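Work through the exercises below with the structure open in a viewer. Each task is followed by a solution in steps.

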Amino acid sequence: MPDTQIPQVPYGAYHKTKVPEHDPELTHTGPGTPMGEVMRRQWQPVCMSERLTDVPLAIRIMGEDLVAFRDRSGRVGVLQRHCSHRGASLEYGIIQPRGIRCCYHGWVYDIDGTILEMPAEPEDSRIYERVWHGAYPAFERDGLVFAYMGPPEEKPKFPEYDIYRFPEDTRLVPFSNLYSCNWLQVNENLMDHHHTALLHNNMTVESVDERMKDGLNFPDSFTGMLPIMDWEKTRGGHGMCFMAGRRVSDDVVWTRISEHIFPNLIQVSSLFSTASAFRHGTVCLSRWHVPVDDTRCILFGWRHFNDEIDPNGEGNEEDCGYDRIDFVDGQCERPYDVGQRAPGDWEAINGQRPIAIHALENAASTDGGVYMCRKLLRKLVRGETPPDTSRSMSEDGEQTLHSYAQDVTYRLPRHPDPEGDRKAIRAMGRRVYGTAAEADAVASRDRKAYILGRLDELDGGLRDTAE
Ligand code: FES
Ligand SMILES: [Fe+2]
C-alpha cells in the first residue's frame, strides 16, 4: 500500500520521487526464486515450432540462456546454451541426425544431454561417463514447443484440458507476442477486466486513422459498458476466474467467465462474440505468460477456432503466428505514434514500468480481481495452498481437465432498482460458474449439453431469448 506519510498535495511531485522496491516474491522467476520454482514445476511453452529451422534457436526463459532445435530425426531438444566443453554458444551449433554439434571443437549432444561424440578426444576418454550437458525434456504440440525445467523426478504429465479437443471442430492455432515488462503485470491484465470498457473503448477514437483500424476490432457488446464483476477461487486455490456480467437489453444479460490457472496460464472466453447472436461458447484463447527474464515476457498460446467461437468468421487464423494475433488492439508492438493515439494492452501494460511497483498503487474498487490474484499466488509460492487434486472425467477414461471459461446469454428481466439489478446479474454469474464447476463429474463430450440443460433449468428460457 502507498506510504501514508507522503504528503498528498497539489504540485506535490517533489514528495513522490522515491520509487520503492517492487515485489520480488511474485515477480522474480530466475533459478531458485520462489515463483521461479513454482513455474518450473509445470510444462511451459518456450518457442514456436515454426521458429525451429535448419539452424538452432537461442532462447532465454526465466533468466536461463538456452538453445532449442529440432534434430534431423525430428526430435526437439532444449539445452543449456553454453557448451559443456569451453562454453561456446550452441546457437552456432550444427544440427545433426541425432542431437547437435558444437561448432568449436565438435562435441555432439543428444537431446537429453548425453555426449555422443568428442572428435578430438582419445577413444578411452572417460568424459562421456562423467559429464552430461544440461538438457530439459521438451515436446511439440500444435505449433508450440513445451519444456519442463523443474527437477526431473517431479516431471508432471502435460495437463490436458478438454477444450483442446472440444468442440470437435476446434483447431488450435499457435501464436506468440513479446512484452517488455515483467510477466506478472501481463498476467494481472486478465483479472483487471474493467479495462475492457475503458482502454478498449477507444477513448481516442476520434484520432484514429487507417493504420489503427485493425487494432479496434472488439465488438461494442464487449467494450461498450462497464461490466458487473465478481471473482472466485478455482481448483482449490490453484486458479481463479472472473464472472463479468453485461446487460444487453431489458430482458437479456451476457455473462463471460475467464479463468487464470496458476501460475501463468489463462483461458479466455470469447472475445469476438456479440451477445445478441451468441448463446454459449467456451474458450477462445489459451495463453501462457512465460518470463524471458524479470523485465520481459513472451505470451505463447493457441487461438481456438471453431464454429462456436467465431460463428461469423470474425477471427482470422492467418493473422495468428510469431509475434502476431488476430485481435490486435495493442497486443503487439506497433509504431510508437500509433500506440499513442490508440493505445491497447501492449502500451498500457508495458507502460506500468519494466516491473510494476505495487507499493505505489492506489487500489480502487475495480481492482478486487488483481488483489485476489496476488493473494492466491503468494499463498501458492509460500507453499500454503494444498495440492491441486482437481481432475475431471473424460469420455474415454483418460485423465483430463475441464475449463470453466465460457460465455452465455440468458433471460434476466431488469430489476427496477439499479443496485438490485447489479446484485441479480452477479448472482446469475455465480450460477453460471456453478454449472461449469458442477459439470466436472460429466464426461467432456456431454458437458456442453449438460451445462446448457442446467442453465435452462435455472433460468427457464435461456436458449430462446438470445437469438
Ligand atoms: S566449446 Fe564446444 S566443443 Fe569445445
Ligand atoms: Fe485488454
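The exercises go from the whole chain to single residues.

This is a predicted model, in which local features need pLDDT of at least 70 and side-chain atom pairs count only at pLDDT 80 or more, while totals for chains, interfaces and linings use all residues. Residues are numbered from 1 along each chain as its sequence is written, and chains are lettered from A and ligands numbered from 1 in the order in which they are written.

**Exercise 1. Confidence and overall make-up**

Task: State what average pLDDT the protein chain has, and how many helices and strands there are in it.

Solution. Step 1: pLDDT is the predictor's confidence in each residue, from 0 to 100. The protein chain averages 89, and 88% of the residues score at least 70.

Step 2: Look for a weak stretch. Over residues 210-216 the pLDDT stays under 50, and the model has 15 contacts beyond four places in sequence for this stretch. Two residues are in contact if their C-beta atoms, placed from the backbone, lie within 7 Å. Where pLDDT is low, the predicted coordinates should not be read in detail.

Step 3: Count the elements. The protein chain has 11 helices and 20 strands; these are DSSP runs numbered from the N terminus, with at least four residues for a helix (H or I) and at least two for a strand (E).

Step 4: Check burial. Of the 467 residues, 42% count as buried. A residue is buried if 20 or more other C-beta atoms lie within 10 Å of its own, exposed if 12 or fewer, and partly exposed in between, with C-beta atoms placed from the backbone.

**Exercise 2. The sheet that holds strand 4**

Task: Work out which strands stand at the edges of the open sheet 2-3-4-9, and why one side of each is left without a neighbour.

Solution. Step 1: This open sheet of 4 strands has antiparallel pairing and the order 2-3-4-9. Strand 2 (57-61) and strand 9 (135-136) each have a single partner strand, so one side of each lacks a neighbour in the sheet.

Step 2: Trace the pairs; two strands pair if DSSP finds at least two bridges between them. Strand 2 and strand 3 (residues 64-70) are antiparallel over 5 bridges, with R60 opposite D65.

Step 3: Strand 3 joins strand 4 by 5 bridges, again antiparallel, and A68 stands opposite V78. The hairpin of these two strands has 5 residues between them, where G74 takes a positive phi near 90°.

Step 4: Between strand 4 and strand 9 there are 2 bridges, and V78 faces Y136. Strand 4 (residues 76-80) is mostly covered, with 4 of its 5 residues buried.

**Exercise 3. The nonpolar core**

Task: Find which residues have the most contacts inside the largest nonpolar core, and what A138 touches.

Solution. Step 1: A nonpolar core is a set of buried Ala, Val, Leu, Ile, Met, Phe, Trp, Tyr and Cys residues joined through C-beta atoms within 7 Å. The largest has 100 residues, and V46, A68, V78, V145 and A147 have the most contacts inside it. Strand 19 (residues 296-305) gives the largest share, 6 residues. Domain 1 (43-148) and domain 2 (162-465) each supply at least three residues to this core; the bounds come from an automatic or database domain assignment.

Step 2: Leaving out residues up to four places away in sequence, A68 touches several residues, including V46, L57, V78 and V145.

Step 3: A138 is in strand 10 (residues 138-141) and counts as buried because it has 23 C-beta neighbours inside 10 Å. With the same sequence exclusion, A138 touches V76, G77, V78, V145, F146 and A147.

**Exercise 4. Unusual backbone geometry**

Task: Locate the loops that hold P167, P263 and R235.

Solution. Step 1: Most residues other than glycine have a negative phi, and most peptide bonds are trans.

Step 2: The F166 to P167 bond is cis, with omega near -5°, and P167 is in the loop between strand 11 (144-148) and strand 12 (171-179). The F262 to P263 bond is also cis, with omega near 0°; P263 lies between strand 15 (252-261) and strand 16 (265-269).

Step 3: R235 is not a glycine, yet has a positive phi of about 50°. R235 sits in the loop between strand 13 (228-234) and strand 14 (239-247) and is partly exposed, with 18 other C-beta atoms within 10 Å.
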